[in-house]
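Subject: Structure handover

Hello,

Here is the structure I promised to pass on. Please open it alongside this note.

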Amino acid sequence: MEENMATDIIINTTTHETRIALLEEGRLVELWLERSAEQRMVGDIYKGRVEKVLPGLQAAFVDIGFGKSGFLAFSDTAFDPGDLEPDDRSQAKPARRIEDALKSGQEVMVQVSKEPIGSKGPRLTSHVSFAGRFCVLVPNEERVGVSRRVEDRAERRRLKEEFLKHLPQGYGLVIRTAAEGEDEKGFGRDLKILLKTWQQVKRDYRKAKISSRVYSEPPMVISFLRELAAMEIGSLVVDDKRTHDQMAEYVKNLDPALRKRLLLYREDIPLFEAYDIEAQIEKALQQKVWLKSGGRIVIEQTEALVTVDVNSGRYTGKRDAEGTITRVNIEAAREIARQLRLRDIGGIIVIDFIDMDREANRRKVLAELKEALKDDRSKPKVYEISPLGLVEMSRKRVRPSLWQAFSHSCPTCQGTGRVLSPETMAARLERWFLQADRNIRNRRLEVSAHPLFIDYLERQGRKLADDVKKRYKVDLRLKRDTLDNVSQFKITDLAGGRDITREFSVDRWVDLD
């Protein structure tokens, strides 16, 4: 088995938001975000109704009661066999066209495979699957396969044989990397839970109304642990008692060793501050990323693709220009791999490295990029350097990127720049009061911010303002102020008219233009 780098998982939970940070050697490599006011959909199963079949696109729109119709492509009406090896029990099915399989008004069971992003509705598949710790169960399929990351042939054969002992006829299976080296007892327990879940889904589906949800994925923290089952987890730190207990219950039988590494954080310093995560998140929201050598990369997102430009910046080297450029490009390749994973950037990505004259150096940089991307669970595809010196690659994602999760289009610049969303501002305001705590109790305070944010606090975010007043016993006033930076707020102590914002600030101001 390949030796894994120890990973630390840090989980911060407030009333309105849960953030999960994945650290490798202290550096943030993944960030998962879930807000109480937002609906997470990937993995959920619905009793849908086909609204329209589009033979020209070989796709259909399906009403699942969400508001935006889900998109069901013909390629998603069969489970993707890319990671599967046919089992002796399976038989090839003849190819069909979508108009032969679906009709307008037809009832269909669908599962969300990709979150709605922007104006697009959720991506759907009509072949559902259930992910466990050691395997993924695929009802109505008869293919069994093993993750490609399990490379030993004897182990692949053993896993397949032992799982088949517990798998009933009419089910498919993907054996996950986490199963490598595990015993049959764990396999059976995992599979039994998934089979029971599917039987319950079928019962609920028969009773459900059309365009309604019949199955919800477990909470994000549980799903996250399940997805990271194959990783070597060094520590698991949580700052919320309820979340801690929920995770302890989940891991106590599945992984007793991990239960011992699950810690409840009780210190006064906010958890993400203690692990220097806040600063790393702020940097991940910026277009420019500075390298240790003095070089920099610039990441720009458009509707069609993402461009990454590498620049030598302040790094000039000494005499060997080609060597200087190669060193900057190699450092940039490592950082680009980390940033793509951290920001969860998907789609087509074009990287413009600094021009190199020698073919050997170009191959060296490309090899470094591919090596750095091996830890990315999205399995990016990297293509050869083009005649123009560009590296093209593609990367899949199932949730909105970090930029999309933390920001929305600026009402002033019509989307040419980015500002922090009201939800993110509200989370920062909440963290400010958590940091200030006893220092501001029983005071008269005024929050000044852009009218859009104040409108949010008076409407959708009113509960946050009410919680602050009640918890800290403050007389809180809200004031509309057309600040130059709409991603800022100012807090004034009305007793003395003093600005106390930075005294208890846990977030650095970020210029996203």
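Below is what I found, from the whole chain down to single residues.

**Overall**

Keep in mind that this is a predicted model. The chain has 513 residues, and 48% of them are buried. Its secondary structure comes to 14 helices and 27 strands. Long-range contacts are well represented in the count: of the contacts between residues at least 6 apart in sequence, 68% join residues at least 24 apart.

**The nonpolar cores**

In soluble globular proteins, nonpolar side chains tend to be buried together. The largest nonpolar core in this model holds 68 residues. Which of its members touch the most others? Those are Ile351, Phe433 and Ile440. Helix H9, residues 321-343, supplies the largest share of this core, with eight residues.

A second core lies apart from the largest one and has 29 residues. Cys135, Val144, Ile175 and Tyr205 are among them.

Phe433 is worth a look in the viewer. Setting aside neighbours within four places in sequence, Phe433 is in contact with Ile440, Leu445, Val468, Tyr472, Leu476 and Ile491. Ile440 is thus both a partner of Phe433 and one of the three residues that touch the most other core members.

**Helix packing around H14**

Two packed helices are described by the angle between their axes and the distance between the axes. I looked at two pairs, both involving H14.

Take H12 with H14 to begin with. H12 spans residues 422-436 and H14 spans residues 462-472. Their axes come within 11 Å and cross at roughly 5°. That angle is under 35 degrees, so H12 counts as roughly parallel to H14. On the H12 side, the contact is made by Ala426, Glu430, Phe433 and Leu434. On the H14 side, it is made by Leu464, Val468, Arg471 and Tyr472. By class, the contact has six nonpolar residues, two charged and no polar. Phe433 appears here too, as part of the H12 side.

Now H13 with H14. H13 covers residues 451-458. The two axes are 5 Å apart, at an angle of about 75°. An angle from 65 to 115 degrees counts as roughly perpendicular, so that is how H13 sits against H14. Tyr456, Leu457 and Glu458 of H13 meet Arg462, Leu464 and Ala465 of H14. Four of the contact residues are nonpolar, two are charged and none is polar. Leu464 of H14 takes part in this contact and also in the one with H12.

**Buried residues to check**

Arg19 sits in strand E2, residues 17-24. Is Arg19 buried or exposed? Its relative accessible area is 1%, so it counts as buried. The Arg19 side chain makes a polar contact with the side chain of Glu278, at 2.9 Å. Beyond its neighbours within four places in sequence, Arg19 is in contact with ten residues' worth of surroundings that include Ile10, Asn12, Trp32, Phe272, Ile281 and Arg431. Glu278 is on that contact list as well.

Thr501 lies in the segment after strand E27, which is 498-499. With a relative accessible area of 4%, Thr501 is buried. Its side chain reaches the backbone nitrogen of Ile491 at 2.8 Å. Ile491 is also one of the contacts of Phe433.

Gly346 is in the loop between H9 and strand E19, residues 347-352. Gly346 is buried, at 17% relative accessible area. Where does the chain come back to Gly346? Its C-alpha atom is 5.1 Å from that of Lys396, which is 50 residues away along the chain. Outside the four places on either side in sequence, Gly346 touches Val306, Arg395 and Arg397.

**Positive phi**

Two asparagines deserve a backbone check.

- Asn140 has a positive phi of about 65°, although it is not a glycine. It lies in the loop between strand E10 (135-139) and strand E11 (144-146). Its relative accessible area is 52%, so Asn140 is exposed.
- Asn442 has a positive phi near 60°, and it is likewise a residue other than glycine. It is found in the loop between H12 and strand E24 (444-449). At 62% relative accessibility, Asn442 counts as exposed.

That is the handover.

Best wishes

Definitions and conventions
Residues are numbered from 1 along each chain as its sequence is written. This is a predicted model: local features need pLDDT of at least 70, side-chain atom pairs count only at pLDDT 80 or more; totals for chains, interfaces and linings use all residues. Side-chain values use heavy atoms; hydrogens and water are left out. A nonpolar core is a set of buried Ala, Val, Leu, Ile, Met, Phe, Trp, Tyr and Cys residues joined through side-chain atoms within 4.5 Å. Buried means under 20% relative accessible area, exposed over 50%, partly exposed in between (1.4 Å probe, protein chains only). Helices (H or I, at least four residues) and strands (E, at least two) are DSSP runs, numbered from the N terminus. Contact means heavy atoms within 4.5 Å. A polar contact is a pair of N or O atoms within 3.5 Å; within protein, one must be able to donate a hydrogen and the other to accept it, and residues adjacent in sequence count only if both atoms are side-chain atoms. Axes are lines fitted to C-alpha atoms, for helices over the stretch in contact, and angles run from 0 to 180 degrees between N-to-C directions. Angles under 35 degrees count as roughly parallel, over 145 as roughly antiparallel, 65 to 115 as roughly perpendicular and the rest as oblique. Ala, Val, Leu, Ile, Met, Phe, Trp, Tyr, Cys and Pro count as nonpolar, Asp, Glu, Lys and Arg as charged, and the others, Gly among them, as polar.
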